[in-house]
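Subject: Handover of a structure

Hello,

I am passing on the structure we talked about, and my notes on it follow below. Please read them with the structure open beside you.

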Amino acid sequence: KIFIAGATGATGKHVVQQLLDKGNSVVAVARSKDTMMMGLIPPTKDYGDRLQIHEASILDLSDDELKSLTKDCSAVVSCLGHRPTFDGLFGHPKRLVTDAARRLTAAMPSSSKFVLMGTEAVQLPIDPKRPFGERAVLFLLRNLLPPHVDNEEVASFLQEHKEINWSAVRPTNLVDADEADGFYNIQEESSLPLFGSQAISRANVAHFMVELLTSDATFAKWKHEMPVIVEKGSGTSAEL
């Protein structure tokens, strides 16, 4: 059984669909059950007790509620992100991703996996130094755009807590696709231009996240790492 936050998002809906298609049980938190079901194919399919939907905003749930929802889950995944609207970018909660990660990792069983969808725009110590122009852009984002700070803070939180079984995926430029084709590379560091042409479909990001959630071998390989996922042929590849 796998718990997901951000189940109605553009990537989260693919994670839910792929988990269900593989026969997994899913516990999802979503503001609207109807909206979430409309994101599945077909939206009228009855998954029985393999799909539990709790209608709520993730940060509105109490600690006891989060513990109850995650207590039987082997993994927890966060596909949360800030909506690309003025309120989403500059309104509250400004630390949606970080606060949710802190509370979910505290609530879930200590043996569970935690998988986060991050962003390649977060610079890690292992990443090659970016050109001056890109560093200037990141400086502006850090000081002007709260969601970027949120993404940096959640990365720092995870790196500081190695007692948690975590892995965070850093996608490049996200594009839409109906289905995953598995045509992607995974690399340890971000060596691609910040504003390059490298894209990755949300469906393929979900595919890799589902592998982390369901494959112990894949998760062991990327435990306590923040791999970058790019379309096939970009960067240095690594096998799952």
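Gln187 counts as buried, because its relative accessibility is 3% and the cut-off for buried is under 20%. Gln187 belongs to strand S8, which covers residues 184-187. The side chain of Gln187 comes to 2.9 Å from the backbone oxygen of Glu189. Please keep in mind that this is a predicted model.

Overall picture

The protein contains 9 helices and 10 strands. The C-alpha trace spans about 50 × 35 × 35 Å along its principal axes. A compact globule with 240 residues would have a radius of gyration near 18 Å, and the 17 Å of the protein agrees with that. Of the 240 residues, 49% count as buried. The exposed surface of the protein is about 11,600 Å², and carbon and sulfur atoms supply 51% of it. If one takes the contacts between residues at least 6 apart in sequence, 78% join residues at least 24 apart.

Strands S1, S2, S4 and S5

Which strands does S1 pair with? Strand S1 (residues 2-5) is joined to S4 by 4 bridges, and these two run parallel. S1 also pairs with strand S2 (residues 26-30), in the parallel sense and over 4 bridges. Ile4 can be followed into both pairings: its bridge partner in S2 is Ala28, and in S4 it stands opposite Val77. S1 is covered on both faces, with Ile2 and Ile4 buried on one side and Phe3 and Ala5 buried on the other.

Strand S4 (residues 75-78) has a similar list to check: Ala75 and Val77 point one way, Val76 and Ser78 point the other way, and all are buried. S4 is also joined to strand S5 (residues 113-117), again by 4 bridges and with the two running parallel. Here Val77 stands opposite Val115 in S5. Val77 therefore links the two pairings of S4 in these notes, with Ile4 opposite it in S1 and Val115 opposite it in S5.Helices H7 and H8

Helix H7 takes in residues 146-159. At 1.5 Å a residue, its 14 residues should span 20 Å, and its end C-alpha atoms are 20 Å apart, which agrees. H7 is mostly covered, with 11 of its 14 residues buried. Among them are Pro146, Pro147, His148, Val149, Asp150 and Asn151. Glu152, Val154, Ala155, Phe157 and Leu158 are buried in H7 too.

Helix H8 (residues 202-214) has 13 residues. From its first C-alpha to its last it reaches 18 Å, close to the 18 Å expected at 1.5 Å a residue. How many residues of H8 are buried? The count is 11 of the 13, so H8 is largely enclosed by the rest of the structure. The buried residues in H8 include Arg202, Asn204 and Glu211, as well as Phe208, Met209 and Leu212.

Two residues of helix H5

Thr98 lies in helix H5, which covers residues 96-107. Thr98 counts as buried because its relative accessibility is 1%. With its neighbours within four places in sequence left aside, Thr98 is in contact with Asp150, Glu153 and Val154. Of these, Asp150 and Val154 are among the buried residues of H7.

Ala106 lies in H5 as well. Is Ala106 buried or exposed? Ala106 is exposed, because its relative accessible area is 60% and exposed means over 50%. Ala106 and Ile164 are 58 residues apart along the chain, and their C-alpha atoms are separated by 9.1 Å.

Two points in the backbone

The peptide bond that joins Ile41 and Pro42 is cis, with omega at about -10°. Pro42 is placed in the loop between helix H2 (33-38) and strand S3 (51-55).

His224 is not a glycine, yet it has a positive phi of about 65°. His224 sits in the loop between helix H9 (216-222) and strand S10 (228-231). At 21% relative accessibility, His224 counts as partly exposed.

Those are my notes on the structure.

Regards

How values were computed: Residues numbered from 1 in each chain as written. Predicted model: local features only at pLDDT ≥ 70, side-chain atom pairs only at ≥ 80, totals over all residues. Heavy atoms only, no water. Buried < 20%, exposed > 50% of the residue type's maximum accessible area, 1.4 Å probe, protein only. Contact = heavy atoms within 4.5 Å. Polar contact = N/O pair within 3.5 Å; in protein donor to acceptor, adjacent residues only side chain to side chain. Pairing = 2+ DSSP bridges. Expected span 1.5 Å × (residues − 1). Rg over C-alpha atoms; globule rule 2.2 N^0.38 Å. Areas by Shrake-Rupley, 256 points an atom, 1.4 Å probe, with all protein chains shown as cover.
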